[in-house]
Amino acid sequence: QVQLVESGGGLVQAGGSLRLSCAASGSTFSINAIGWYRQAPGKQRELVAAISSGGSTNYADAVKGRFTISRDNAKNTVYLQMNSLKPEDTAVYYCRAEATMTVTDYDYWGQGTQVTVSS
């Protein structure tokens, strides 16, 4: 089992910054990758950024150059630094861990953190 707890959301003006944290606990050794997703009202959940256990990263086109995903292995925490925020970045942000234990793949999700960007 893996538990994920997000934090760092809030209300910010357009052009501002926020840093989200995703703290993992439990069987963290089994995690292959952690991603940040977001879901705006009336829209489907979408991938924002992800980082693999090897350190490879990928980003949605909408956030490239503005958002940076990173991790602190000692703290089992993944961060999403969000700069130059836009109103369209408003959403609930979730982190997801993809894990493998005894050849079975698992998905774990956090509870989400609200990000609201005012114009």
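In this predicted model, the backbone nitrogen of glycine 9 and a polar atom in the side chain of threonine 113 lie 3.2 Å apart. Threonine 113 belongs to strand β11, which spans residues 113–118, and its relative accessibility of 10% places threonine 113 among the buried residues, because buried means under 20%. Once the neighbours within four places in sequence are set aside, the contacts of threonine 113 include Glu6, Ser7, Gly8 and Gly9, and they also take in Leu20, together with Ala91, Val92 and Tyr93. Glycine 9, whose backbone nitrogen faces the threonine side chain at 3.2 Å, is thus also one of the residues in this list of contacts.

From there the reader can turn to the covalent link within the chain. The structure holds 1 disulfide, and it is formed by cysteine 22 and cysteine 95, whose sulfur atoms are 2.1 Å apart. This pair joins distant parts of the chain, since cysteine 22 sits in strand β3 (residues 18–26) and cysteine 95 in strand β9 (residues 91–101), with the two positions 73 residues apart in sequence numbering. The angle about the S-S bond is 65°, and the link of cysteine 22 and cysteine 95 is right-handed. As for exposure, cysteine 22 has a relative accessibility of 0% and therefore counts as buried, and cysteine 95, also with a value of 0%, counts as buried too.

Open space in the model is the next topic. The largest pocket has a volume of about 210 Å³. It is lined by 15 residues, of which Ile31, Ile34, Arg71, Asn73 and Val78 are the closest to its centre. Two or more lining residues come from each of the strands β4 (31–39), β5 (46–52), β7 (67–72) and β8 (77–82), and β4 gives the most, with 4 residues. Sorted by class, the lining of this pocket comprises 6 nonpolar, 7 polar and 2 charged residues.

Strand β7, one of the elements named for the pocket lining, also contains serine 70. With a relative accessible area of 31%, serine 70 is partly exposed, because that term covers values between the 20% limit for buried and the 50% limit for exposed. Serine 70 touches Ile51, Thr77, Val78 and Tyr79 when residues up to four places away in sequence are not counted, and Val78 is among the residues closest to the centre of the largest pocket. A further spatial relation concerns leucine 80: the C-alpha atoms of serine 70 and leucine 80 are 6.6 Å apart, while the two residues are 10 residues apart in sequence.

Two loop residues remain, and for both the backbone angle phi is the point of interest. Serine 84, which lies in the loop between β8 and β9, has a phi near 50°, a positive value in a residue other than glycine. Its relative accessibility is 42%, so serine 84 counts as partly exposed. Valine 103 is placed in the loop between β9 and β10 (104–109), and valine 103 likewise has a positive phi, of about 65°, although it is not a glycine. With a relative accessible area of 80%, valine 103 is exposed, because the term applies to values over 50%.

Note on methods: Residues numbered from 1 in each chain as written. Predicted model: local features only at pLDDT ≥ 70, side-chain atom pairs only at ≥ 80, totals over all residues. Heavy atoms only, no water. Disulfide = S-S within 2.5 Å. Buried < 20%, exposed > 50% of the residue type's maximum accessible area, 1.4 Å probe, protein only. 1 Å grid on protein atoms, 1.4 Å probe; cavity = no way out; pocket = protein on both sides within 12 Å on 5 of 7 lines; lining within 4 Å. Points joined across faces, edges and corners; volume = space filled by probe spheres on them. Nonpolar A, V, L, I, M, F, W, Y, C, P; charged D, E, K, R; others polar. Contact = heavy atoms within 4.5 Å. Polar contact = N/O pair within 3.5 Å; in protein donor to acceptor, adjacent residues only side chain to side chain.
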